[in-house]
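Q: I am new to this structure and would like to learn how to read it. Could we go through it together?

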Amino acid sequence: MLRTVNRVFLGLVGLILLVLGGSVLAVGLGVSAPSWWIHDSEHDVLLSYAERTRWRDDGWWWPVVIAALAVLLLLALWWLVAVLRRRRLAEVLVDTGDGEGAVLRGRALENVLTQEAAHVDGVDGAHARLKGRRSAPEAHVRLALEPHVDPGAALNDFTAGALTHARTSAGLASLPAEVRLRGVKHGAERVS
């Protein structure tokens, strides 16, 4: 969902900037502009002298401008960090016991954990994702439980089965997990 919102937002911002920049370039190259457009000819400036000096003498103007630009900068940096931050763990470092190490693809461990969790009795669907560092991964698992299942029993079966198998197969000392449980909606049963 976040990836889709990010792409749509970037697409809209890019389209707006392309249209504005292209129209300013077209007017600058001599194309006649509509009457409502802010530029009239190729010799027109972006901001006139009167527009640039309008609030110069007011004491509130520059602090407001600087605060607004600082907020925009902080939002842009926050967005950049959110986009560049890895959501998934690409690889897990496996201790082979001989002083060397092996690397296990994070997606492979996620897929195995997801498939084994889906086979737990009463689990209708599962999704696992690894986060953290490659030497200390953390599992984030979502389990969709069928209506008749005891959540505590399903959680115990998952931790004793799928999670323990993933931890031991990767040779990890510990594999902390955050498990989110939700019930699957079902239709009303007919009573006769």
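Q: Let me start with one side chain. Is Arg105 buried or exposed?
A: Welcome! Keep in mind that this is a predicted model. The general idea is to compare the relative accessible area with a cut-off: over 50% is called exposed. Arg105 has 56% relative accessibility, so Arg105 counts as exposed. You will find Arg105 in strand β2, which covers residues 101-105.

Q: Which residues form a positive surface patch with Arg105?
A: For a charged patch, we look for like charges joined within 9 Å. Here Arg3, Arg7 and Arg107 join Arg105 in a positive patch on the surface.

Q: What about nonpolar side chains: which of them form a patch on the surface?
A: The reading is similar, but nonpolar side chains are joined within 5 Å. In this model the patch consists of Leu73, Leu74, Leu77, Leu80, Val83 and Leu84. Together they have about 570 Å² of accessible area.

Q: Where does Val83 lie, and why does Val83 count as partly exposed?
A: Val83 belongs to helix α3, residues 61-84. Partly exposed is the class between under 20% and over 50%. With a relative accessible area of 38%, Val83 is therefore partly exposed.

Q: How many salt bridges does a search of the whole structure find?
A: First the general idea: side chains of opposite charge can pair when their charged atoms come close. In this structure the search gives 1 salt bridge. Glu178 and Arg180 are its partners, and their closest N and O atoms are 2.9 Å apart.

Q: Are those partners buried or exposed?
A: Take each one in turn. Glu178 has a relative accessible area of 34%, so Glu178 is partly exposed. Arg180, at 54% relative accessibility, counts as exposed.

Q: How is the chain divided into domains?
A: A domain assignment splits a chain into residue ranges. Here domain 1 is 60-89 and domain 2 is 96-183. To place them in space, look at their C-alpha centres, which lie 36 Å apart.

Q: How do I read a separation along the chain beside one in space?
A: Pick two residues, then look at both values. Val83 and Val45 are 38 residues apart along the chain, and their C-alpha atoms are separated by 36 Å. For Ala118 and His43, the values are 75 residues along the chain and 68 Å between C-alpha atoms. Val13 and Gly101 are 88 residues apart in sequence, with 45 Å from C-alpha to C-alpha.

Q: Where do Ala118 and Val13 lie?
A: Ala118 is part of helix α4, residues 106-118, while Val13 is part of helix α1, residues 2-28. You can read their accessibility as before. Ala118 is partly exposed because its relative accessible area is 33%. Val13 has 31% relative accessibility, so Val13 also counts as partly exposed.

How values were computed
Residues numbered from 1 in each chain as written. Predicted model: local features only at pLDDT ≥ 70, side-chain atom pairs only at ≥ 80, totals over all residues. Heavy atoms only, no water. Domains from an automatic or database assignment. Patch = residues over 30% accessible without salt bridge, like charges linked within 9 Å, V, L, I, M, F, W, Y side chains within 5 Å. Areas by Shrake-Rupley, 256 points an atom, 1.4 Å probe, with all protein chains shown as cover. Salt bridge = Lys/Arg side-chain N within 4 Å of Asp/Glu carboxyl O. Lys, Arg positive; Asp, Glu negative; His and termini not counted. Charge placed at Lys NZ, Arg CZ, Asp CG, Glu CD. Helix = DSSP H or I, 4+ residues; strand = E, 2+ residues; numbered from the N terminus. Buried < 20%, exposed > 50% of the residue type's maximum accessible area, 1.4 Å probe, protein only.
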